[in-house]
Amino acid sequence: MDKNRPKRRARHPVRLDATATRADGTTTRAIVTDLSFDGCCMIGRFRVGERLSMKIAGIGKVTADIRWAAMSRAGARFLTGAARNPDD
């Protein structure tokens, strides 16, 4: 393991519906399959580098960047957290 890389936070297996809005305003559905304070893994078609505005069922609204994508799965890093937006 790279000692300079920050330790990943605990991930929690979930199955949550989500709606993602892309920069061009189009929306797509996704299923979040694991969740941490910093990000999530989800099922859906996304491109590395995409910035999304997401609404995750039971969690709220977050802004996220897609960090990796392969075979209808993607990993996103949250730029804002649902804990910071509890009323959304």
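**An all-strand chain and its turns**

Ser72 sits in the loop that links S5 and S6. In this predicted model, Ser72 has a positive phi of about 65°, even though the residue is not a glycine. Its relative accessible area is 27%, so Ser72 counts as partly exposed. Met71 is found in the loop between S5 and S6 as well, and its phi is near 50°, again a positive value in a residue other than glycine. Most residues other than glycine have a negative phi, which is what makes this loop worth a look. Met71 is exposed, because its relative accessible area of 79% is over the 50% cut-off. The hairpin that S5 and S6 form has two residues between the strands.

Stepping back to the whole chain, there are six strands and zero helices. Read along the sequence, the pattern is simply β-β-β-β-β-β. Of the 88 residues, 35% count as buried. The chain exposes about 6,100 Å², and carbon and sulfur atoms supply 49% of that area. Among contacts with a separation of 6 or more, 40% come from residues 24 or more positions apart.

How do the strands pair up? S1 (residues 12-21) and S2 (residues 27-35) run antiparallel and are joined by eight bridges. Within that pair, Ala18 stands opposite Ala30 in S2. The S1-S2 hairpin has five residues between its strands, and Gly25 there takes a positive phi near 95°. S1 also pairs with S4 (residues 51-56), again antiparallel, through four bridges. On this side Thr19 stands opposite Lys55 in S4. Ala18 and Thr19 thus have partners in S2 and in S4, respectively.

S6 has two partners of its own. With S3, S6 pairs in the antiparallel sense over five bridges, and Cys41 has Gly75 in S6 as its bridge partner. With S5, S6 pairs over six bridges, also in the antiparallel sense. Here the bridge partner of Ala64 in S6 is Phe78. In a regular strand the side chains alternate between the two faces of the sheet.

What sits inside? The largest nonpolar core has 18 residues, and those with the most contacts inside it are Val32, Met42, Phe46, Met54 and Ile56. S1, S2, S3 (39-43), S4, S5 (60-70) and S6 (73-78) each supply at least two residues of this core. In soluble globular proteins, nonpolar side chains tend to be buried together. Met54 gives a feel for how the core is wired up: leaving aside neighbours within four places in sequence, Met54 is in contact with Ala18, Thr19, Ala20, Met42, Gly60, Lys61, Val62 and Ala64. Among these contacts of Met54, Met42 is itself one of the residues with the most contacts inside the core.

Not every buried residue is nonpolar, and Glu50 is a case in point. Glu50 is placed in the loop between S3 and S4. At 9% relative accessibility, which is under the 20% cut-off, Glu50 counts as buried. Its side chain makes a polar contact of 2.5 Å with the side chain of Arg22. Neighbours within four places in sequence aside, Glu50 is in contact with Arg22, Ala64, Asp65 and Ile66. Ala64 therefore turns up in the contacts of Glu50 as well as those of Met54, where contact means heavy atoms within 4.5 Å.

Pro13 offers the opposite picture. This residue is placed in strand S1, yet at 75% relative accessibility Pro13 counts as exposed. Beyond four places in sequence, Pro13 is in contact with Thr33 and Asp34. Pro13 and Cys41 lie 28 residues apart in sequence, with 9.4 Å between their C-alpha atoms.

A word on confidence. The chain averages a pLDDT of 88, and 82% of the residues score at least 70. Over residues 83-88, though, pLDDT stays under 50, and for this stretch the model has seven contacts beyond four places in sequence. Where pLDDT is low, the predicted coordinates should not be read in detail.

Definitions and conventions:
Residues numbered from 1 in each chain as written. Predicted model: local features only at pLDDT ≥ 70, side-chain atom pairs only at ≥ 80, totals over all residues. Heavy atoms only, no water. Pairing = 2+ DSSP bridges. pLDDT = per-residue confidence, 0-100. Core = buried A, V, L, I, M, F, W, Y, C linked by side-chain atoms within 4.5 Å. Buried < 20%, exposed > 50% of the residue type's maximum accessible area, 1.4 Å probe, protein only. Polar contact = N/O pair within 3.5 Å; in protein donor to acceptor, adjacent residues only side chain to side chain. Areas by Shrake-Rupley, 256 points an atom, 1.4 Å probe, with all protein chains shown as cover.
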